[in-house]
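Walk through this chain with the structure open beside you. We start at one residue and work outward.

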Amino acid sequence: MNRPLSALLGLTSAAVIATTVAAPANAATSQAERPFLFTYTFDGHLKVAGGHFTVGGRVYVSVKHSNGVTAFHKWTTARTHPVTPGGAVYVDTTLASPCSGSNNGYAEAYDAATKRWSARLPMTVCRRID
């Protein structure tokens, strides 16, 4: 092996090690582990939950109308959960559920540690029940 190539490989190995050390623990790293959301109703409230977030990391959960106006938002911390993979979030919103109508909005969440958004989850946004 010639000298310049071995020097390059040495630098590449150091960069890989530095990148690995700097990556947040339990961070979603592949497309298969992209953060995801689901919704459910409990006690007349809309609940937004999801997984594959960074355990212990901050997650911004929002519900928006189709025109982009925010109906609900909250920062929370992802925790381990026996059923939901990765860091899980479970958020109780101030929105009524269920309600009639077609999908007039969506929910999405942002993992601050990995700077990744979940896919938008189409849903029916109901009235607030502060």
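**A buried serine and its surroundings**

S118 is buried, at a relative accessible area of 3%. Here buried means under 20% relative accessible area, exposed means over 50%, and partly exposed lies in between (1.4 Å probe, protein chains only). The model is predicted: local features need pLDDT of at least 70, side-chain atom pairs count only at pLDDT 80 or more, and totals for chains, interfaces and linings use all residues. Residues are numbered from 1 along each chain as its sequence is written, and side-chain values use heavy atoms, with hydrogens and water left out.

S118 sits in the loop between β7 (116-117) and β8 (121-123). Helices (H or I, at least four residues) and strands (E, at least two) are DSSP runs, numbered from the N terminus. What does S118 touch, leaving aside its neighbours within four places in sequence? Its contacts are R34, P35, F36, L37, E108 and A109. A contact means heavy atoms within 4.5 Å. Two of these names, E108 and F36, return below.

**The chain as a whole**

The secondary structure comprises one helix and eight strands. From the N terminus on, the order is α-β-β-β-β-β-β-β-β. The chain has 130 residues, and 35% of them count as buried. Among contacts with a separation of 6 or more, 57% are between residues 24 or more positions apart. The chain exposes about 7,800 Å², with carbon and sulfur atoms supplying 58% of it. These areas come from the Shrake-Rupley method with a 1.4 Å probe; for residues, only the protein chains shown count as cover.

**Strand β3 and its partners**

Now turn to β3, residues 58-65. Six of its eight residues are buried, so the strand is largely enclosed by the rest of the structure. β3 pairs with β4 (residues 70-77) in the antiparallel sense, over seven bridges. Two strands pair if DSSP finds at least two bridges between them. In this pairing, S62 stands opposite H73 of β4. The two strands form a hairpin with four residues between them. In the turn, G68 has a positive phi of about 95 degrees.

β3 also pairs with β6 (residues 105-111). These strands run antiparallel too, joined by seven bridges. V61 of β3 stands opposite A109 in β6. A109 is also one of the contacts of S118.

Before β3 comes the loop between β2 and β3, where G56 is placed. G56 is exposed, at 54% relative accessibility. Not counting residues up to four places away in sequence, G56 touches T77 and A78. Its C-alpha atom is 9.5 Å from that of A88, 32 residues away along the chain.

**Charged pairs**

Side chains of opposite charge can pair when their charged atoms come close. How many salt bridges does the whole structure hold? The search finds three. A salt bridge is a side-chain nitrogen of Lys or Arg within 4 Å of a carboxyl oxygen of Asp or Glu.

E108 takes part in a salt bridge with K64, at 3.9 Å from N to O. E108 lies in β6 and K64 in β3, so the pair ties together parts 44 residues apart in sequence. Both residues are buried; for E108 the relative accessibility is 7%. E108 also meets R120 in a salt bridge, at 3.4 Å from N to O. R120 lies in the loop between β7 and β8, so this pair joins parts 12 residues apart in sequence. R120 is exposed, with a relative accessible area of 53%. Together, K64, E108 and R120 form a network of salt bridges.

Elsewhere, D92 forms a salt bridge with K47, the closest N and O atoms being 3.0 Å apart. This pair links distant parts of the chain: D92 is in β5 (residues 87-96) and K47 in β2 (residues 45-53), 45 residues apart. D92 is partly exposed at 39%, whereas K47 is buried at 10%.

**Aromatic rings**

R120 has a further partner: its charged end sits over the ring of Y106, 4.3 Å from the centre. A charge sits over a ring if NZ of Lys or CZ of Arg is within 6 Å of the ring centre and within 35 degrees of the ring normal.

The structure holds five aromatic pairs. In one, the rings of F36 and F38 have centres 6.4 Å apart and planes at 25 degrees, so the pair is stacked. Rings of Phe, Tyr and Trp (its six-membered ring) pair if their centres lie within 6.5 Å; planes under 30 degrees apart count as stacked, over 60 as edge-to-face and the rest as tilted. F36 is partly exposed at 29% relative accessibility, and F38 is partly exposed at 28%. Ring pairs link F36, F38, Y40 and Y90 into a cluster.
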